[in-house]
Amino acid sequence: MRKPTTNRTATILLTALAPVSWGTTYAVTTEFLPADRPLFTGMMRALPAGLVLLGLARVLPRGIWWGKAAVLGALNIGAFFPLLFLSAYRLPGGMAAVVGSVGPLIVVGLSAVLLGQRPTTRSALTGLVAAFGVSLVVLKAAGALDAVGVAAAFAATASMSAGTVLTKRWGRPDGVGPLALTAWQLTAGGLLIAPLALLVEGAPPALDGRAVGGYLYLALANTAVAYWLWFRGIGRLTATQVTFLGPLSPLTAAVVGWAALGQTLTPLQLTGMALAFGATVAGQLGVRPPARPSFGSAGRDHRKPPADLALSGVRR
């Protein structure tokens with residue numbers, strides 16, 4: 001009788017490895033990679049990872065899924081990566097992470113519209129607590145905010161949130177697993193970033209051994225494996241459950257900065273970490289797991305009408 005709960009817990013823990021991995025991105029970028037190359041770095045994260053997974057899956061989209069894969073790839077990768085890096089370069093301290101922490105609230109709203117999942121007071125309050133906790137961890141006193149940076153951070157969060165909900169809504173075509181779906185999105189997103197990187201940043205920079213190692217880590221562990229776990233989790237959990245794992249990324253970044261880069265953690269930051277982590281845990285509780293979908297060609301669950309999705313609960 002405990003097997004469904006055990007399986008769901010294992011799925012949550014495996015999915016959580018994705019934002020934990022993403023929390024190491026800042027340290028790897030600053031310590032190993034060439035400076036001021038956000039688009040090139042985004043391309044190097046996405047395209048090699050997508051091609052590797054595509055070679056492993058050996059499945060290409062068919063029919064309408066060429067368009068769906070392109071849309072999901074643009075939202076989750078192609079638009080998200082450049083906007084995220086742009087906000088990080090233009091905003092002080094951890095403001096980009098604070099803006100990004102409102103993602104659970106965006107997903108709650110989008111899930112109501114696209115998935116028929118009614119938002120609850122608990123979901124909204126949990127999302128606010130998560131955002132407040134993250135702000136205590138990463139926000140530091142700084143100068144005036146940059147309007148372009150704030151807009152880019154919010155657009156990046158909205159793009160990833162919309163991609164998460166659409167991934168849940170569309171599911172996968174018959175016979176296609178999360179590995180292939182991840183490969184399609186990473187490849188599409190990388191191909192979208194590649195010409196932009198060439199036009200804006202010019203020719204690729206010279207890479208030393210440290211940079212090569214950093215890009216290999218980002219492409220394989222930080223992107224290929226992490227996004228496969230993320231999209232696998234979206235298929236097995238509610239959209240809001242998945243997105244409430246997002247605060248683990250800035251929390252991991254803070255821990256890595258303390259452990260590996262000699263940064264200090266103040267009592268206020270530790271309080272924020274406790275709040276954000278508590279909200280992350282709360283976002284996984286009291287949620288009825290969705291029924292395993294039987295996806296048809298459109299990726300819809302033919303065993304349950306859309307109106308019943310409201311009973312699945314809300315996670316972000």
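Leaving aside neighbours within four places in sequence, Thr167 is in contact with Leu72, Asn76, Leu181, Gln185, Phe231 and Ile234. In this predicted model, Thr167 lies in helix H9, which spans residues 147–170. With a relative accessibility of 4%, Thr167 counts as buried, since the limit for that class is set at under 20% relative accessible area. Two of the residues touched by Thr167, Leu181 and Gln185, have numbers that fall in the range of helix H10, residues 178–201, while Phe231 and Ile234, also touched by Thr167, have numbers that fall in the range of helix H11, residues 209–236.

A further residue of helix H11 (residues 209–236) is Arg232, which is likewise buried, its relative accessible area being 14%. When residues up to four places away in sequence are not counted, Arg232 touches Thr11, Leu14 and Pro178. Of these partners of Arg232, Pro178 carries the number at which helix H10 (residues 178–201) begins.

Helix H10 (residues 178–201) is also paired with helix H3 (residues 38–57), the axes of the two helices coming within 7 Å and crossing at roughly 150°. Because angles over 145 degrees count as roughly antiparallel, H3 and H10 are described as roughly antiparallel to each other. The crossing of H3 and H10 is left-handed, and the contact of H3 with H10 comprises, by class, 23 nonpolar, 5 polar and 1 charged residues. Within helix H3 lies Leu51, which, at 48% relative accessibility, counts as partly exposed, the exposed class being reserved for values over 50%. Leu51 and Gly190 are 139 residues apart in sequence, yet their C-alpha atoms are 9.4 Å apart in space; the number of Gly190 falls in the range of helix H10, residues 178–201.

At the level of the whole chain, the secondary structure comes to 14 helices and 0 strands, so that, when read along the sequence, the pattern is an uninterrupted series of α elements. Of the contacts in the chain with a separation of 6 or more, 88% are accounted for by residues 24 or more positions apart. Buried residues make up 50% of the 316 residues in the chain, and the accessible surface comes to about 14300 Å², of which 70% belongs to carbon and sulfur atoms.

Definitions and conventions:
Residues numbered from 1 in each chain as written. Predicted model: local features only at pLDDT ≥ 70, side-chain atom pairs only at ≥ 80, totals over all residues. Heavy atoms only, no water. Helix = DSSP H or I, 4+ residues; strand = E, 2+ residues; numbered from the N terminus. Buried < 20%, exposed > 50% of the residue type's maximum accessible area, 1.4 Å probe, protein only. Contact = heavy atoms within 4.5 Å. Axes fitted to C-alpha atoms, helices over the stretch in contact; angles between N-to-C directions. Parallel < 35°, antiparallel > 145°, perpendicular 65-115°, else oblique. Left-handed = near helix turned anticlockwise from the far one by under 90°. Nonpolar A, V, L, I, M, F, W, Y, C, P; charged D, E, K, R; others polar. Areas by Shrake-Rupley, 256 points an atom, 1.4 Å probe, with all protein chains shown as cover.
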